[in-house]
Amino acid sequence: MTKLSSPGGSFFLPKFSIKFYYVYFLSRVIIVIRPLYQVDKLGTASNNKAIHKNINSGLRGFFLALAGICLNVVFSYFMNKLGLPLFFDSIGTITVAVVSGLLFTGILTAVVSSVICSFFYPASIYFAFFNALIAIFVVWFVKNYSFKKIEKTLLFAFVLVFVSSFCNSLVQFYIFGDSQLSLVAQNARSFSSAVNLSYLPSFCLVNFLISLLDKGFSLVFALIISNFIPKGFIDSLRKGAWKQRPLDDSELKSIKSWSRDIKTSIRVRNTLTLVITSTVLVLVMGWIGVNLYFDSIKSVRTETAKNCVRFAAEAINPAKVDDFIKYGKLLPEYENTARVLKNIQSVSSGIKYLYVVRIEADGCRFIFDNSEDEFDAYKPGQLVPFDEDFEQYIPDLLAGNEIEPVENHTIFGWMLTVYYPVFDSVGRCVCYVGADISLDYMAEYMGKFMLRVMMIMAGFFLLIIAYAILTTGVYTSYPISTIAACVDSFAHAGEDQEKLDENVKTIRSLDIHTGDEVEKLYKSICRMTLNQAEQMRDIMRLSDSTLKMQDGLIITMADMVESRDSDTGAHVQKTSAYVKIIVEGLKKKGYYAQKITPKFMSDVVRSAPLHDVGKINIPDGVLNKPGKLTDEEFAIMKTHTTAGKHILENAISTVQGESYLKEARNMAAYHHERWDGKGYPEGLHGEVIPLSARIMAVADVFDALASPRVYKPAFPLEKALAILQEGAGTQFDPKCVEVFMDALPEVKMILKKYSSGV
């Protein structure tokens, strides 16, 4: 009952809409740029120098972007005036991206250039997004590769040209058609005819050749310009955006490694929040705007259709309707009426079809059909069944009543149909005038409209995202990450004063001057870490003083014992030296790695002089007897181990927390235990014997063998070492004997030192 042909013609945004977008987006650009190049009012006098340095770098970046914009606009303007198919609207963008290597500066140049160029070449605004992508691609290459490598540069240039030509072809062919770029279209048609190739591949190939000249020249120009710009200027540009001391590649990798266990960084979260919020806002507002605009256009077109059918009804002679159906075009009056109907349709905007039908019980019989295609038009008197969408209106139509506009979906598309009855002189409805409005055409119109709006928005969207990444990075992400990494390193430095001082210097060298809460946090952390490092220095001084006092007490106690023993001969000093040799040897070879910690080594060496403290309880007659001890005397002598244990346990009970005296107790109590379990006082064996006691056992026995006693002369070194080796695995821990034998040069030096009385 209704028909619709394929919609044709070109599509343009209304002029008022374009102007609105220009004003709106230029205002957005100003808002985005302004914070980058203005003085931060929150800074203090202490960081004025950094602020002025940042301003100077920011001004350099601004003027570089301005120069790039001027290059784009000037080249594009002259190409447009000369009528050449070249654009050169990205020559400045590529140059700025190559020189600065900054994402935001490159995208800013691309988007603002496209906005300005659109004043003399309206299609430029739709290429802002693709020019911004070019800036992103160039910056990525600059940061990851070098133009000095010919192979990579050629590959980069080819990809740039190919992607650029592909994107340009899509925009030109599917959005603008042939009307926007007539020279490109003409060349494509000529090439298509010459090589017998279809039009679309020819169109893409011509665009590729044009892009090859355009982007190739732009890239060469950018490389030449970059070689004439001082390296210091380029470095200041790339460092100017930082709100702290610029981080080098190794520091950036270190921060990335440090933050590897972070699920979502501040930078990613803030950027995603902005992107999602902006996307949702644009989609919601776009959807609402499109629906409102669609409803408005639909209402206007419906009113136009109603007026059209009213005028058409006035042009029809009701008395001739039966003759029109019967004789059709054979009647002169039929042709005159058809001509009038076509004129009415031509002046009625949006009316795709205008026709006249008579409603009958089994369908509608066509009287006039103003279809452009005569072969597709219904003939006068042809009966067409009702569409399903009209079934509910059939009683009213048969009764000659006026009905509301009907939306219907047919094989011809989505349409809105308006009917108006024609009455004869006696008030009888003889026919209806129908008008079809193409809702498909309107939907396609709105789809293209939204596509163009989205393309305009996409460039600015990339600009906003780049700005968000830049500001989030320099104001939040990098400062907080560097602060956190330094504080974490400071916390792990523990009691190492050198590392603490180095971390304090590192934190203070960050020079963060964001002018907001992050800067205040940074300064507070600087003060806190400095104070803690100084407090740790004071604690270490106090600790050293305490340790010296404790060591003095140990030596005093050991001297008290040794003064009663007439022939020990610097036994305390030598055994302490041997203990140090053995424990360091075990550490070096990786033996007992879980046990031998720095604290254990310190405790063992420092408390070694107390291993015989229990001899304070042994009578002089037994302690200094020149001959062999009786069984009873030996039993008394053996009690020095348990006596030493009790003495040191009493000392430990007066000290809260961990104490180095615990290892002194172990050595005093168990240094006469044997590896095979035949020692005293408890008959412990193997690794059940405390490690410190096993170490002391080797040191104590060797010194007893190699030194003179009241009851024997000193054994030769070779014999003493042989006895020691024979006892490995029975009397001594074999690993302790092994490392002792490995350190014989040091052992000999100790023997020589104390035998000479030095």
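At what angle do helix H18 and helix H19 pack, and how far apart are their axes? Keep in mind, as we walk through it, that this is a predicted model. Helix H18 covers residues 571–589 and helix H19 covers residues 598–607; the angle between them is about 165°, and their axes lie 9 Å apart. Angles over 145 degrees count as roughly antiparallel, and H18 and H19 are therefore roughly antiparallel to each other. Their crossing is right-handed.

It helps to look at the side of each helix that takes part. From H18, the contact draws on Val 579, Lys 580, Val 583, Glu 584 and Lys 587, while H19 brings Phe 600, Met 601, Val 604 and Val 605. Sorted by character, the residues of this contact comprise 6 nonpolar and 3 charged ones, with no polar residue among them.

Stay with H18 for a moment, since it leads us to the charged pairs. Side chains of opposite charge can pair when their charged atoms come close. The structure holds 18 salt bridges, and one of them joins Lys 589 to Asp 742, with 2.8 Å from N to O. Lys 589 belongs to helix H18 and Asp 742 to helix H25 (residues 734–742), so this pair ties together parts that are 153 residues apart in sequence. As for its surroundings, Lys 589 is partly exposed, with a relative accessible area of 40%.

H25 also helps to place the next pair. Arg 694 and Asp 733 meet through their side chains in a salt bridge of 2.9 Å, N to O. Arg 694 sits in helix H23 (residues 691–706), whereas Asp 733 lies in the loop between helix H24 (717–726) and H25, so the bridge ties together parts that are 39 residues apart in sequence. Both Arg 694 and Asp 733 are buried.

Another salt bridge takes us to an earlier part of the chain. Here Arg 365 pairs with Glu 360, and their closest N and O atoms are 2.8 Å apart. Arg 365 and Glu 360 are both buried. This pair also has company: through salt bridges that share partners, Asp 322, Arg 358, Glu 360 and Arg 365 are joined into one network.

Finally, let us visit a serine. Ser 100 is found in helix H3, which spans residues 91–100. Is Ser 100 buried or exposed? Its relative accessibility is 0%, so Ser 100 counts as buried. Along the chain, Ser 100 and Ser 226 are 126 residues apart, and in the model their C-alpha atoms are separated by 9.1 Å.

Note on methods:
Residues numbered from 1 in each chain as written. Predicted model: local features only at pLDDT ≥ 70, side-chain atom pairs only at ≥ 80, totals over all residues. Heavy atoms only, no water. Axes fitted to C-alpha atoms, helices over the stretch in contact; angles between N-to-C directions. Helix = DSSP H or I, 4+ residues; strand = E, 2+ residues; numbered from the N terminus. Parallel < 35°, antiparallel > 145°, perpendicular 65-115°, else oblique. Left-handed = near helix turned anticlockwise from the far one by under 90°. Contact = heavy atoms within 4.5 Å. Nonpolar A, V, L, I, M, F, W, Y, C, P; charged D, E, K, R; others polar. Salt bridge = Lys/Arg side-chain N within 4 Å of Asp/Glu carboxyl O. Buried < 20%, exposed > 50% of the residue type's maximum accessible area, 1.4 Å probe, protein only.
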